[in-house]
Amino acid sequence: MTTSDHAPANGPPARSAARDERRERLSRLFQDVLAGDRRALDELIVECTPMLWRVARSTGLDSSSCEDVVQHAWLTLLNHRDQIRAPGALLGWLATVTRREALRMFTAQGRARPAENEVFEPLPDASRSVEDMLVADERRNVLWRVIHKLPQRCVQLLQVIAFNDRADYAAIAVGLGMPKGSIGPTRGRCLAKLRALLSAQPDWSQS
Amino acid sequence: MNRSMDSAVPDMYGLIDDTDISILDEVADLYSRVDPVPDDLIERIRFTVALEEIDLEMMELVDETALHAGARGEDRSRILTFAAPLITLMIRVIGVTDDTVRVDGWLAPPAAHRIMVCIGESRLNCTADDEGRFVVEQMPAGRAQLIVGIADGPAEPGNLFATPAVVL
């Protein structure tokens with residue numbers, strides 16, 4: 001068991017400071033974008049695309065359509081940037097556009113929209129190869145297997161939250177089409193379930 | 001591994017403790033391995049976004065040659081040549097079906113330049129090979145504009161060229 005390289009480097013105070021810092025930075029970057037700073041836009045794209053990628057992928061849409069979806073979200077932002085009043089709302093706005101476009105593509109491809117609580121196989125085009133890929137990586141393999149025992153809503157929420165550095169749950173709520181007030185309780189329940197499942201795994205020890 | 005409320009701290013949406021946070025870190029790490037953001041996606045987004053933001057250098061249509069009619073659909077086939085001081089783009093357009101065409105392109109000087117085809121609101125992206133060649137296997141026939149981004153050049157004026165909108 002190699003756990004040491006997964007151990008968190010910082011304690012909670014440092015983390016929460018880092019979170020606030022990130023949020024402020026995003027907000028500042030967006031203000032610079034509004035002022036016409038192209039480099040700020042570049043930075044914003046690098047910073048936010050991984051989370052938008054997860055929002056798109058968490059709908060179950062295939063990888064190449066998700067590329068178009070995320071690209072579409074950024075173009076939409078450029079064309080409507082004057083509509084975003086509070087820079088702090090930026091991430092939520094992007095996440096919403098991403099999700100909406102992903103669901104639209106789903107329908108356009110003649111597939112039924114994924115229902116909120118429906119259990120469908122995430123990453124339908126990758127599941128098999130993922131297990132092969134992780135075969136030599138016991139800890140991640142355990143986590144991958146266990147995550148998919150959770151209800152789909154948990155899988156969606158946790159993967160998106162994980163990429164948002166917990167900075168903006170309101171953004172996640174709209175990005176996942178969940179009521180804002182349910183994010184906290186759902187997060188709590190999903191994490192508790194995940195921890196219970198993990199602790200039942202002989203190969204897992206919390207670092 | 002009981003949830004220890006002693007170590008849990010409230011954030012905006014409830015209690016979260018160290019273990020939760022480190023699990024979320026591992027979840028992020030896991031997904032970035034099994035389903036990473038595709039290699040060139042961020043580059044493509046930057047390219048696309050830059051186009052909206054800056055003035056492009058226009059290329060000029062310098063030559064248009066109809067290929068002699070032959071096999072079915074080839075009555076719409078022709079070769080178009082566009083030029084700007086630093087770059088030349090030649091494309092061969094062949095009708096595939098009544099509504100779609102195939103485009104074969106060559107860029108000189110040759111390099112792995114980026115290409116974007118704008119058809120109304122939609123965009124097709126591709127990258128030329130080292131010899132400056134690219135293919136769009138199938139795209140809707142009709143008015144389109146091609147945009148070329150110089151290989152490895154930052155998306156800024158001087159590195160981006162646009163053809164006039166032409167009917168392909």
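The points below go through a predicted model with chains A and B, from overall make-up to individual contacts.

1. Chain A. This chain has nine helices and zero strands, and its order along the sequence is α-α-α-α-α-α-α-α-α. Of its 207 residues, 36% count as buried. Among contacts in chain A with a separation of 6 or more, 70% are between residues 24 or more positions apart.

2. Chain B. Here there are two helices and 13 strands. The chain has 168 residues, and 32% of them count as buried. For contacts with a separation of 6 or more, residues 24 or more positions apart account for 45% in chain B.

3. Helices α3 and α4 of chain A, geometry. Helix α3 of chain A covers residues 63-80 and helix α4 of chain A covers residues 90-108. Their axes come within 9 Å and cross at roughly 135°. Angles over 145 degrees would count as roughly antiparallel, so α3(A) and α4(A) are classed as oblique. The crossing of α3(A) and α4(A) is right-handed.

4. Helices α3 and α4 of chain A, residues. On the α3(A) side, the contact is made by Ser65(A), Cys66(A), Val69(A), Val70(A), His72(A), Ala73(A), Thr76(A) and Leu77(A). The α4(A) side supplies Leu94(A), Val97(A), Thr98(A), Glu101(A), Ala102(A) and Met105(A). Sorted by class, the contact of α3(A) with α4(A) has nine nonpolar, four polar and one charged residues.

5. Helix α6 of chain A, burial. Helix α6 of chain A spans residues 138-147, and within it Arg139(A), Leu143(A), Trp144(A) and Ile147(A) are buried. Viewed down the axis of α6(A), the buried residues fall within an arc of 135°, and therefore line one face of the helix.

6. Helix α6 of chain A against helix α1 of chain B. Helix α6(A) also packs across the chains, against helix α1 of chain B, residues 18-34. The angle is about 95° and the axes are 10 Å apart. Because angles of 65 to 115 degrees count as roughly perpendicular, α6(A) and α1(B) fall in that class. From α6(A), the contact uses Arg140(A), Leu143(A) and Trp144(A); from α1(B), it uses Glu26(B), Leu30(B), Arg33(B) and Val34(B). The contact of α6(A) with α1(B) has four nonpolar, no polar and three charged residues. Leu143(A) and Trp144(A), listed in this contact, are also among the buried residues of α6(A).

7. Leu197 of chain A. Leu197(A) lies in helix α9 of chain A, residues 180-199. It has 17 C-beta neighbours inside 10 Å and so counts as partly exposed, since 20 or more are needed for a residue to be buried. Apart from neighbours within four places in sequence, Leu197(A) is in contact with Val146(A) and Lys149(A). The C-alpha atoms of Leu197(A) and Ile147(A) are separated by 8.6 Å, with the two residues 50 apart along the chain. Ile147(A) is one of the buried residues of α6(A).

8. Cis peptide bond in chain B. Most peptide bonds are trans. The bond joining Ala108(B) and Pro109(B) is cis, with omega about -5°. Pro109(B) is in the loop between β7 (100-108) and β8 (114-119) of chain B.

Definitions and conventions. Residues numbered from 1 in each chain as written. Chains lettered and ligands numbered in written order. Predicted model: local features only at pLDDT ≥ 70, side-chain atom pairs only at ≥ 80, totals over all residues. Axes fitted to C-alpha atoms, helices over the stretch in contact; angles between N-to-C directions. Helix = DSSP H or I, 4+ residues; strand = E, 2+ residues; numbered from the N terminus. Parallel < 35°, antiparallel > 145°, perpendicular 65-115°, else oblique. Left-handed = near helix turned anticlockwise from the far one by under 90°. Contact = placed C-beta atoms within 7 Å. Nonpolar A, V, L, I, M, F, W, Y, C, P; charged D, E, K, R; others polar. Buried ≥ 20, exposed ≤ 12 C-beta atoms within 10 Å, placed from the backbone. Arc of directions from axis to C-beta.
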